[in-house]
Amino acid sequence: MNTYKKILYLFNNTVDYDVVVHNCKKAGIDAIITNDFVFAEKEFQEAMRVNSIPVVYNFPVFCDTGYLDRNPQSYSITATGKRATGTEWLHFVCPSDSAFMEYQQNNLISILKTYNPETLTLDFIRFYVFWEMVSPDTQPVAIEDGCYCDRCLVNFEATTGVHIKEKSKKWIYTNIRKEWAAWKTHHIEKTVDMLTQIIRDYNPDIEIGIKTVPWKESDFDNAISHVVGQDVARLARYVDFIAPMTYSHMVKQPPQWIDEVVQEVSEKSGKRVFPGVQLAQTYRDEPVQSDELNAMISYAAQKPAAGVLIFHYDTLVDNTHRFERIKNAGK
Ligand SMILES: [Zn+2]
């Protein structure tokens, strides 16, 4: 079992990795979490190995821009009939696309064979929603989610025996929300089961985490089920830890909300919980004030959280005060 307390996101492969190591030591970072485009860099691997900094491999499941460039028919379709593209980096594949799942299973096997990571997180293993931009006053029925493609609607009807009389989010939300939520959460659970089995079969010692959308059951009328399709109580049996992306400033919540989400995820899952903490503003013009940052870090680092996922390297090195805050977190 890993004992990391402070795990830092690195989304930049144009940095000097020896400087990254130096900064990690300065801020008391225990591990780095990153995606393939950094992980694949030989210099990165070498710098981490020589300095004994563990690396967590983050595997994005349904967010795959490259695949969608080649296979645009695999896009998730949103409630308003558009391709699921929240922003430049967010392009979402339809979770019912079996050809994509086959591709992704092979992709995962190849990653395991190439890197055999100590720890791996499953990211974007859910239905489409650009939750980062959903503010607390949004009406649940107005959330632009996915997937409403024919594949998904047929899959839903065949699995549940429930007929969709009108192919609209409004009709589904109003008339069959419970069945829709059950189908989505079951579909995601099956996907998590399938991928974690591949990982366990390859190497049972790999620790597996899952990234989750930071919505409580009471948020948006239980949208964590009927929009996202993530049920942490059920997903807990497949993974070792859960990482809700609790970026409070981004979603216009007060810092103590981080603790509320952590408590709920911890109670429902019984697993170690690693909340996310953002260091600077994202998708908003208002900066994160110093007091707010302190409070966010304190709430994220306190029990029952097992550790924090810090978002992210570039914003850490941007401001020397943040080093001290992170170094002292949890003390
Ligand atoms: Zn679909």
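What follows is a conversation about the domains, sheet and helix packing of a predicted model.

Reader: Let's start broad: into which domains is the protein chain divided?

Author: In this predicted model, the protein chain is divided into domain 1, made of 1-53 + 241-331, and domain 2, made of 74-214 + 222-239.

Reader: And how many Å separate their centres, taken over C-alpha atoms?

Author: The centres of domain 1 and domain 2, taken over C-alpha atoms, are separated by 24 Å, and the contact takes 22 residues from domain 1 and 18 residues from domain 2.

Reader: Which elements give two or more residues to the side of domain 1 that touches domain 2?

Author: Those elements are β8 (241-244) and α11 (256-269); by class, that side of domain 1 has 14 nonpolar, five polar and three charged residues.

Reader: Where does α11 lie, then?

Author: Helix α11 lies across β8 and β9, and runs at about 155° to β8.

Reader: Switching to the sheet, what is the order of its strands?

Author: It is an open sheet of nine strands with parallel pairing, in the order β9-β8-β7-β6-β3-β2-β1-β11-β10. Strands β9 (272-273) and β10 (276-278) stand at the edges with a single partner strand each, so one side of each has no neighbour in the sheet.

Reader: How many bridges are there between β3 and β6?

Author: Strand β3 (residues 55-60) pairs with strand β6 (residues 119-123) in the parallel sense over five bridges, and the bridge partner of Val56 in β6 is Thr119.

Reader: Now the helices: at what angle do α5 and α8 cross?

Author: Helix α5 (residues 98-115) and helix α8 (residues 177-202) have axes that come within 10 Å and cross at roughly 25°. Because angles under 35 degrees count as roughly parallel, α5 is roughly parallel to α8; the crossing of α5 past α8 is right-handed.

Reader: Which residues make that contact between α5 and α8?

Author: From α5 they are Gln105, Leu108, Ile109 and Leu112, and from α8 they are Leu195, Ile198, Ile199 and Tyr202. By class, the contact of α5 with α8 has seven nonpolar residues, one polar residue and no charged residues.

Reader: What about α1 and α3, how far apart are their axes?

Author: The axes of helix α1 (residues 17-27) and helix α3 (residues 42-50) are 9 Å apart, and the two helices pack at an angle of about 35°, with α1 passing α3 in a right-handed crossing.

Reader: Which residues of α1 and α3 meet?

Author: Tyr17, Asp18, Val20 and Val21 in α1 meet Glu43, Phe44 and Ala47 in α3, and by class this contact of α1 with α3 has five nonpolar, no polar and two charged residues.

Key: Residues are numbered from 1 along each chain as its sequence is written. This is a predicted model: local features need pLDDT of at least 70, side-chain atom pairs count only at pLDDT 80 or more; totals for chains, interfaces and linings use all residues. Axes are lines fitted to C-alpha atoms, for helices over the stretch in contact, and angles run from 0 to 180 degrees between N-to-C directions. Helices (H or I, at least four residues) and strands (E, at least two) are DSSP runs, numbered from the N terminus. Angles under 35 degrees count as roughly parallel, over 145 as roughly antiparallel, 65 to 115 as roughly perpendicular and the rest as oblique. A crossing is left-handed if the near helix is turned anticlockwise from the far one by less than a right angle, and right-handed if clockwise. Two residues are in contact if their C-beta atoms, placed from the backbone, lie within 7 Å. Ala, Val, Leu, Ile, Met, Phe, Trp, Tyr, Cys and Pro count as nonpolar, Asp, Glu, Lys and Arg as charged, and the others, Gly among them, as polar. Domain bounds come from an automatic or database domain assignment. Two strands pair if DSSP finds at least two bridges between them.
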